[in-house]
Amino acid sequence: ALQFAAAISTLMGVSMVAIIGIMQFSGERYEDIWGGKSLAEANKYSAMAMAPLGLVVFMLFPHLRPALDIILDVINHFFFRATRVADAIDDDEFDITEATLESGSLYFARRDAVHLRIKKTLAFFRDELESRPNLTIISHSQGTMIAIEALNDPELSWLNSSFSRVRLITMGSPFTHLYQHYFQHLYPSLDDEFWNPLHGRLDKWINIFRRDDFVGTRIDFCVEHKNFLAKYVNYPVGMRGHLNYWNDREVLDIVEAELGIKYRKQESPVELRRAA
């Protein structure tokens with residue numbers, strides 16, 4: 001419905017501009033042609049329509065905000081800037097080895113800065129913990145893209161030797177529904193060899209999604225191509241939108257069951273998140 005409305009609005013706008021341009025070029029008076037008369041008539045009501053339209057937009061803004069946030073996430077994800085390698089070598093916000101495009105001069109500034117922080121955090125736990133603990137990364141929405149790409153990073157080949165098990169829990173992930181659908185050239189199917197580092201490191205990947213989540217949906221694990229049915233699991237839960245997965249009791253029950261951890265009933269969702 002949104003795509004149809006946008007298409008009609010675009011068609012009307014382009015038509016109006018074209019008619020005005022034709023009239024100016026030909027020297028016609030707008031009163032003399034049907035299109036000009038229609039534009040003049042529509043102009044009378046445009047100002048009257050702006051006030052109620054503004055009120056509708058104001059009332060709908062809280063519902064539009066999540067969609068605008070997702071659009072901003074995608075823009076930030078693919079935001080890049082031209083940077084000389086010599087200037088970026090001493091910049092801690094860049095990881096040259098994974099940020100370079102084919103041209104060798106463009107860097108995904110925001111995405112790479114976040115990835116570098118993730119890798120520094122994982123290295124911190126590797127160096128601080130002598131025993132080989134279990135590593136579980138729990139992420140939501142755009143954060144799932146950060147987690148997936150970080151775990152697929154060739155530079156993190158030391159993960160399995162530093163941790164006993166590596167598990168990933170994604171919630172409301174746009175991986176399949178958005179990134180694989182619209183940017184397939186960058187995010188191929190999970191049975192593509194591009195994802196071999198990720199498959200080799202993960203002991204289990206649990207994806208939790210709500211049936212009415214307009215961003216995060218079922219992830220296509222390609223289990224029909226590989227024997228991944230027990231390793232990769234989709235969990236659909238109730239219809240509560242895209243937000244507040246962290247406070248969802250149904251979601252937390254799945255996390256508890258998958259991690260084999262039992263919490264006391266009096267523990268708050270905040271304490272559950274800290275423990276996770």
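Okay, before we start, one bit of vocabulary: when I give an angle for a helix or a strand, I mean the angle between axes fitted to C-alpha atoms, taken in the N-to-C direction and running from 0 to 180 degrees. With that in hand, here's a first example: helix H10, residues 249-259, runs at about 170° to strand E5. H10 lies across E3, E4, E5 and E6, and those strands are what I'd like to talk about today.

Keep in mind that this is a predicted model.

Quick overview for anyone new to it. The protein chain has 276 residues, and 37% of them are buried. There are eleven helices and six strands. If you take contacts between residues at least 6 apart in sequence, 70% of those join residues at least 24 apart. As for the outside, the chain exposes about 17,100 Å², with 61% of that coming from carbon and sulfur atoms.

Now, the sheet. It's an open one, built from four strands in the order E3-E4-E5-E6, with parallel pairing. At the edges you find E3, residues 135-140, and E6, residues 232-237, each pairing on one side only. On average, neighbouring strands are turned by 15° against each other, if you ignore direction.

H10 isn't alone on this sheet. Helix H6, residues 142-151, packs on the sheet too, touching E3, E4 and E5. The direction of H6 makes about 145° with that of E3.

Let's walk across the strands. E3 and E4 run parallel and are joined by six bridges. If you're looking at the structure, find Thr 136: it stands opposite Arg 167 in E4. Moving on, E4, residues 166-171, pairs with E5, residues 204-210, again in the parallel sense, over five bridges. Two spots to look for there: Leu 168 stands opposite Trp 205 in E5, and Ile 169 stands opposite Ile 206 in E5.

So let's stay with E4 for a minute. How many of the six residues of E4 are buried? Six of the six, so the strand is largely enclosed by the rest of the structure. Remember that side chains in a regular strand alternate between the two faces of the sheet. In E4, one side has Val 166, Leu 168 and Thr 170, and the other has Arg 167, Ile 169 and Met 171. Both faces are covered, and the residues on each are all buried. Notice that Arg 167, the partner across from Thr 136, is among those buried residues.

That's my tour of the sheet, thanks.

Notes. Residues are numbered from 1 along each chain as its sequence is written. This is a predicted model: local features need pLDDT of at least 70, side-chain atom pairs count only at pLDDT 80 or more; totals for chains, interfaces and linings use all residues. Side-chain values use heavy atoms; hydrogens and water are left out. Two strands pair if DSSP finds at least two bridges between them. Contact means heavy atoms within 4.5 Å. Buried means under 20% relative accessible area, exposed over 50%, partly exposed in between (1.4 Å probe, protein chains only). Accessible areas come from the Shrake-Rupley method with a 1.4 Å probe; for residues, only the protein chains shown count as cover.
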